[in-house]
Amino acid sequence: MAGLINAEKPSNIDDYKNVMVFLEARDGKIKKPGLEMISVGASMAHKVNEMLIGITFGESVGSMVKEAGEYGCDRVIGYESPDLKDFRTLPYATLLSDLILELKPNILLIPATRNGRDLASRIAVRSRTGVTADCTELDIDPNGRILQARRPTYGESTLAEILCKSHRPQMATARPGIFPVPERKKDAKYESEARKAKIKKEFMKKEIVDFKPKTTVDLTSAKYIVSGGLGLGKASGFKLIQELADEIGAYVGASRPTVDLGWIGKDHQVGQTGQSVRPKVYIACGISGKAQHLMGMKLSENIISINTDPDAEINSISDYIINADLYEVLPKLVEAIRKKKSEFEMQSSNKKAEEKPVKENIEEKKEKKPPQ
Amino acid sequence: MSEFDVIVVGAGPAGSAAAIRLASAKANVLLIDRADPPGSKNVSGGVLWGDSLGQVIPDWEKSNMLERYIEAKGVTFLTKDSKIALDFRSTKFGEVRSGYTVLRTKFDAWLAKKAKDAGAMVVSGVTVDKLAMEGNKVTGVIQNDEVVTADTVILAEGANSRIAIDSGLKKKSDDRHMAISVKEVIKLPEKTITERFNLTNAKRGYASEYVLGFLEGGVKAGGFLYTNRESISIGAVISMEDLRKNNQTYSYDIIEQFKEHPFIAPLLADGRVEEYSAHLVPEAGLSVDSIYGDGYMIAGDAAGLTFSNGLVLQGMNYAIVSGIGAADSYLATKGSTSPERFELYRDSLKKTFVLKDMNTFKGSDKVTWSETIHNTVPAMAEEIMLNIFSENGEPKKHLSKIVVESALKNKQRRKDMIVDMYRMMRRL
Amino acid sequence: MGLEIIVMIKQVPDSSEVVIDPVTFTLNRGAARNVINPADENAIEQALLIKDKNPGTNITVITMGPPFAETALLDCMSRGVDRAILVTDRAFAGADTYPTGLTLAATITKIGKFDIIYAGEESTDSSTGHVGPGVAEFLGIEQASYTSNSWAEDGYVFAERQLEDGVETIKMEPPCLITVLTNANMPREATLRKKIDAMKKGIETWTLANIDLQPDWVGLKGSPTVVKSMRTINEKKREGKKFNVDEMDKFVDELVEKGILTFGVD
Ligand SMILES: Cc1cc2nc3c(=O)[nH]c(=O)nc-3n(C[C@H](O)[C@H](O)[C@H](O)COP(=O)(O)OP(=O)(O)OC[C@H]3O[C@@H](n4cnc5c(N)ncnc54)[C@H](O)[C@@H]3O)c2cc1C
Ligand SMILES: Cc1cc2nc3c(=O)[nH]c(=O)nc-3n(C[C@H](O)[C@H](O)[C@H](O)COP(=O)(O)OP(=O)(O)OC[C@H]3O[C@@H](n4cnc5c(N)ncnc54)[C@H](O)[C@@H]3O)c2cc1C
Ligand SMILES: Nc1ncnc2c1ncn2[C@@H]1O[C@H](COP(=O)(O)O)[C@@H](O)[C@H]1O
């Protein structure tokens with residue numbers, strides 16, 4: 001516990017060295033946002049000839065430590081204990097902040113996932129330093145080894161650069177899906193250390209009494225999204241959407257009215273009151289593109305609109321426009337993709353999509369969900 | 001004991017003026033508006049004629065809520081191809097009060113704030129459901145099934161007067177006495193406005209009413225255009241009756257036709273529509289049988305105290321005067337339990353210009369919505385003007401001859417025309 | 001049995017109306033209305049739901065902000081919150097999440113006893129989500145962030161956390177802090193009766209002097225981070241290239257050629 005105390009400027013700022021990254025994991029595997037910290041962390045550390053130190057927690061950490069090293073950490077420290085199986089704020093925060101005292105990292109990166117932010121907030125206060133949330137650009141100024149943390153603000157309209165010059169470590173959380181997952185090298189060289197952790201009883205009072213895995217993976221880190229709107233006309237229209245999604249390894253998104261009508265689950269909703277997504281490809285089928293919807297997807301790298309209305313608002317932000325009935329377009333598009341894919345498969349190896357979204361049974365979604 | 005001395009429903013000009021007056025006299029007053037901030041749903045933009053506001057806010061002319069002081073007043077007839085305008089400018093507008101343009105969303109919020117500053121409790125963002133009554137006596141207001149009591153309720157809820165109608169204090173107005181008004185606020189640079197309208201400076205403004213004698217299907221509508229500091233308020237008023245008859249015509253078509261008229265479009269060029277609103281306007285004169293009763297008074301538009309006939313739109317000044325009148329009647333009869341105590345309110349309005357104007361204009365809608373004004377007069381005027389000003393080599397005719405010929409051509413019987421002309425002179 | 005609940009709320013400019021001044025990088029609030037941060041409305045509602053179920057519960061809402069944040073507090077009281085404290089002082093201006101959390105934690109310490117502190121998941125104007133858990137750290141209490149529901153039972157507090165990969169139900173002993181997701185519930189509307197009561201009761205105003213913190217611990221002086229610059233994110237120019245329904249093969253060819261569709265090769 002920090003107590004009611006101010007942020008502290010350490011006098012020995014130059015003693016703080018290296019970049020530390022927190023590698024969020026579940027069930028003995030480092031999660032994708034954690035791996036993403038390695039690429040951005042390594043590039044900063046190596047720019048100033050420092051080390052990238054990966055930190056991971058778990059019931060047992062052997063395989064994770066190896067994973068972290070092979071993905072590019074110069075040094076890996078894993079804490080293991082049955083009490084560290086699941087993420088819990090206090091044990092995690094205590095171990096990590098003790099390690100900060102011990103290793104004095106110049107920079108600490110944590111993925112801006114929900115648990116990551118939960119943890120980062122507490123570490124920052126306990127370490128009496130600042131933290132920049134949800135960064136999409138991170139760089140280091142080689143002179144003062146100052147972290148240049150840039151993050152979107154005000155509804156993604158502006159990029160703010162935030163510095164934390166006189167407090168250490170310089171902390172940031174980084175938005176998932178922005179930084180690349182580095183290449184895994186079996187022959188990578190790294191130092192590693194597994195530490196047995198002893199967790200105080202008082203930190204274990206918070207119990208996780210239940211965990212229900214989600215059947216859909218969240219859209220925010222999706223690379224491809226196929227979304228359906230009211231233009232589908234009926235709940236079963238989402239079958240067509242799913243079909244296209246399956247074909248290209250995409251997740252299914254939806255406009256709000258289709259969710260309100262119970263055609264599809266709320267966790268598929270994109271927009272102001274749904275999820276904000278920025279996939280590589282967003283295919284909007286029968287979506288008019290009202291402001292509230294655009295707010296959640298306009299940062300997509302490529303936008304494809306399939307709409308009968310040539311003046312639909314979505315068209316003004318689309319890279320590709322197919323001005324026709326989706327019921328005509330989608331089967332033809334799927335067919336064309338299948339054709340292309342088989343050509344591909346003949347040519348190249350059978351590389352599979354890295355990650356396949358879990359499908360949701362659309363049939364079962366006909367009823368309106370009761371409000372929570 | 002009631003919780004409040006007075007509850008005022010509606011923070012438009014009528015309600016806020018009443019609340020300021022009451023609170024200044026230390027009455028315990030609650031002012032309620034459904035919008036938050038108060039007035040933010042009110043039709044934006046208009047001219048506040050006269051100086052009635054001075055009665056409750058002595059230094060009101062110093063307020064930066066006032067957009068421009070009207071130094072140029074127009075009355076304009078538009079036909080498809082022509083414009084016949086009276087453009088009145090007078091240095092006497094310095095001495096004789098004309099009016100200020102205001103933007104209602106800002107202005108109304110400011111007035112409500114004045115009520116708060118004077119000591120009224122101002123509650124915004126809640127809609128009163130109905131009146132609390134004991135028999136015929138109004139004892140307070142009800143919202144969410146909870147009663148808030150007051151000695152007196154002043155209903156200043158505007159033209160819809162849903163509460164007054166639901167509570168049986170007022171009959172539903174029939175179509176003939178209602179008009180739909182649509183309005184847009186169009187943003188333009190201050191300097192552009194001053195130049196386009198030939199105004200002395202950025203503090204001076206122009207206001208004109210229009211007869212739109214060119215609309216598709218002969219729909220009868222009036223228009224208005226007022227200059228604000230950095231925007232223009234433009235709108236059209238269409239009689240409900242006419243709109244129903246021409247059920248293919250929508251009110252927004254009309255404002256579009258108005259805006260696209262060859263003599264209007266250049267005035268608006270490069271402007272950006274900032275606001276759009278539609279509103280119900282009661283027309284011409286008293287539509288309420290009684291503007292007071294046991295425990296209540298009705299003020300402003302809710303009492304039908306508007307004068308709007310499609311050419312001239314006035315209501316804010318009447319609203320303010322009636323609000324003040326209601327407040328004063330409460331203060332003068334405080335403590336009395338007589339069901340007739342608010343007779344005073346009506347009497348006071350009679351003494352002011354409000355009811356006098358209402359009586360003067362009673363029946364003026366017969367003229368203002370007449371075929372003559374909207375279609376015949378503009379057409380005739382155009383023809384006459386063309387005749388006078390065109391050089392076609394023929395000998396010049398005497399003016400009276402031109403008029404008679406034109407009237408005949410426009411199938412206007414001489415007698416009817418004279419009657420209409422007479423009515424117009426008398427009532428406008 | 002009644003609980004003591006504290007809700008932290010922030011007044012923010014209505015996000016749909018905010019503009020950034022490209023020169024000074026400051027928020028041009030312009031005509032933007034100030035509203036309660038959306039997630040905080042859900043936090044208030046969550047507290048009221050607990051009060052509905054646990055008679056005798058007392059809810060205090062606090063905010064650190066400028067004097068005009070009073071309207072936000074009155075708004076909360078109009079929905080059924082019992083007490084409101086505005087913590088306001090020139091010294092608080094320019095605070096980042098650290099001193100904001102510190103100021104709020106010091107305020108809560110002064111208030112005294114509490115079972116649950118509620119906050120929003122994040123604010124729309126700084127959107128860090130750090131202030132809530134930061135307060136928990138200052139106070140040394142447990143926390144549950146990103147919750148969609150929470151309730152009190154048998155002396156424990158339960159909360160459902162929505163994570164990226166699942167829903168976690170947590171059981172904690174009070175005192176604890178909970179952050180609530182935007183749209184976790186439907187905030188109730190204020191009523192005339194409650195609005196009047198709120199205005200009659202009014203809010204309390206505290207300053208730095210009330211919370212025993214040193215002036216250079218709070219506000220800009222107490223902030224470890226500084227905003228160095230802001231730039232507008234240029235929206236991508238989109239070509240809007242058209243394909244008709246019979247050109248799907250050609251369309252897919254183009255997508256593949258441009259590397260837009262890769263079929264899992266990337
Ligand atoms: C406070 C608030 C929050 C909101 N939040 C969200 C949000 O988070 N997400 C969201 O999506 N919306 C949100 N909305 C709703 C939003 O304003 C729009 O109503 C909604 O996005 C419209 O959904 P739509 O495009 O599916 O439907 P519509 O606007 O009805 O569009 C349907 C489109 O389908 C096209 N179409 C019809 N038939 C076909 C066909 N056979 N083939 C191809 N095209 C066809 C039509 O031309 C039209 O463009 C919110 C609204 C409010 C007020
Ligand atoms: C397009 C147009 C242009 C006009 N131009 C001019 C002009 O240039 N000059 C002029 O003098 N007049 C003009 N008028 C007329 C003028 O707007 C009205 O006469 C004047 O606003 C009347 O004031 P009021 O206070 O009676 O009602 P309103 O201004 O209508 O105010 C009523 C208030 O009551 C509130 N309210 C209603 N019901 C409830 C409820 N149940 N609970 C709580 N609150 C409620 C409303 O939110 C509103 O704020 C114009 C009118 C229109 C429609
Ligand atoms: N100035 C403040 N006063 C009170 N609560 C605040 C303040 N700033 C942030 N909060 C709370 O902390 C939450 C997260 O805010 P933020 O960390 O700014 O994203 C908000 O939803 C509020 O509940």
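Which side chain has an N or O atom 2.7 Å from an oxygen atom of ligand 2? In this predicted model, that side chain belongs to B:Arg104. The surroundings of ligand 2 make a good starting point for a walk through the structure. Two further polar neighbours come from chain B. A polar backbone atom of B:Val128 sits 2.9 Å from a nitrogen atom of the ligand, while B:Tyr226 places a polar side-chain atom 3.4 Å from one of the ligand's oxygen atoms. On its own, ligand 2 would expose 990 Å², and the protein buries 97% of that area.

The shell around ligand 2 holds 37 residues, and B:Arg104 is listed among the closest, together with B:Asp33, B:Val47, B:Ser181 and B:Asp301. Sorted by class, this shell contains 17 nonpolar, 13 polar and seven charged residues. Helix α8 of chain B, which spans residues 316-332, provides the largest share, with three residues.

Chain B also has a peptide bond worth finding on the screen. The bond that joins B:Asp36 and B:Pro37 is cis, with omega at about 0°. B:Pro37 belongs to the loop between β2 (29-33) and β3 (46-49) of chain B.

Ligand 1 is surrounded by residues of chain A. Its shell counts 25 residues, and the closest are A:Ser255, A:Thr273, A:Ser288, A:His293 and A:Asn307. Several polar atoms can be picked out here. The side chain of A:Asp325 brings a polar atom to 2.8 Å from a nitrogen atom of ligand 1, and the side chain of A:Gln269 has one 2.9 Å from an oxygen atom of the ligand. From the backbone, an N or O atom of A:Gly231 lies 3.5 Å from a ligand nitrogen atom. Ligand 1 taken alone exposes 980 Å², of which the protein buries 74%. Two elements of chain A, α6 (256-260) and α7 (291-294), give two or more residues to this shell. By class, the shell around ligand 1 divides into seven nonpolar, 14 polar and four charged residues.

Chain A also contains an open sheet of seven strands, a helpful feature for finding one's way. Its strands follow the order β7-β11-β6-β1-β4-β5-β12, and the pairing is parallel. Why do β7 and β12 of chain A each have one side without a neighbour in the sheet? Strands β7 (131-135) and β12 (191-196) stand at the edges and have a single partner strand each, so one side of each is left without a neighbour in the sheet. From one strand to the next, the twist averages 20°.

At one of these edges, β7(A) pairs with β11(A), residues 170-174, in the parallel sense over three bridges. A:Thr132, for example, has A:Ala172 in β11(A) as its bridge partner. Helices lie on this sheet too. Helix α4 of chain A, residues 114-126, packs on the sheet and touches β1, β6, β7 and β11, with a direction at about 150° to that of β6(A). Helix α1 of chain A, residues 32-47, lies across β1 (19-22), β4 (52-58), β6 (107-111) and β11, and runs at about 155° to β6(A).

Two loops of chain A lead into strands of this sheet and hold backbone details of their own. The loop between β10 (158-163) and β11 contains A:Pro169, which is joined to A:Arg168 by a cis peptide bond with omega at about -10°. The loop between α3 (89-103) and β6 contains A:Lys104. For A:Lys104, phi is near 45°, a positive value in a residue other than glycine.

The tour ends with ligand 3 and chain C. Here 21 residues form the surroundings, and C:Met8, C:Asp40, C:Ser123, C:Thr128 and C:Gly129 are the closest. C:Thr128 has a polar side-chain atom 2.6 Å from an oxygen atom of ligand 3, whereas C:Gly129 uses a polar backbone atom, 2.8 Å from a ligand oxygen atom. A polar side-chain atom of C:Asn37 lies 3.2 Å from an oxygen atom of ligand 3. Taken alone, this ligand exposes 470 Å², and the protein buries 98% of it. The elements β6 (58-64), α3 (97-111), β8 (116-120) and α4 (131-139) of chain C each supply at least two residues of the shell, and β6(C) gives the most, with three. The shell around ligand 3 comprises seven nonpolar, 11 polar and three charged residues.

Key
Residues are numbered from 1 along each chain as its sequence is written. Chains are lettered from A and ligands numbered from 1 in the order in which they are written. This is a predicted model: local features need pLDDT of at least 70, side-chain atom pairs count only at pLDDT 80 or more; totals for chains, interfaces and linings use all residues. Side-chain values use heavy atoms; hydrogens and water are left out. A residue is near a molecule or strand if one of its heavy atoms lies within 4 Å of it. A polar contact is a pair of N or O atoms within 3.5 Å; within protein, one must be able to donate a hydrogen and the other to accept it, and residues adjacent in sequence count only if both atoms are side-chain atoms. Accessible areas come from the Shrake-Rupley method with a 1.4 Å probe; for residues, only the protein chains shown count as cover. Helices (H or I, at least four residues) and strands (E, at least two) are DSSP runs, numbered from the N terminus. Ala, Val, Leu, Ile, Met, Phe, Trp, Tyr, Cys and Pro count as nonpolar, Asp, Glu, Lys and Arg as charged, and the others, Gly among them, as polar. Two strands pair if DSSP finds at least two bridges between them. Axes are lines fitted to C-alpha atoms, for helices over the stretch in contact, and angles run from 0 to 180 degrees between N-to-C directions. Contact means heavy atoms within 4.5 Å.
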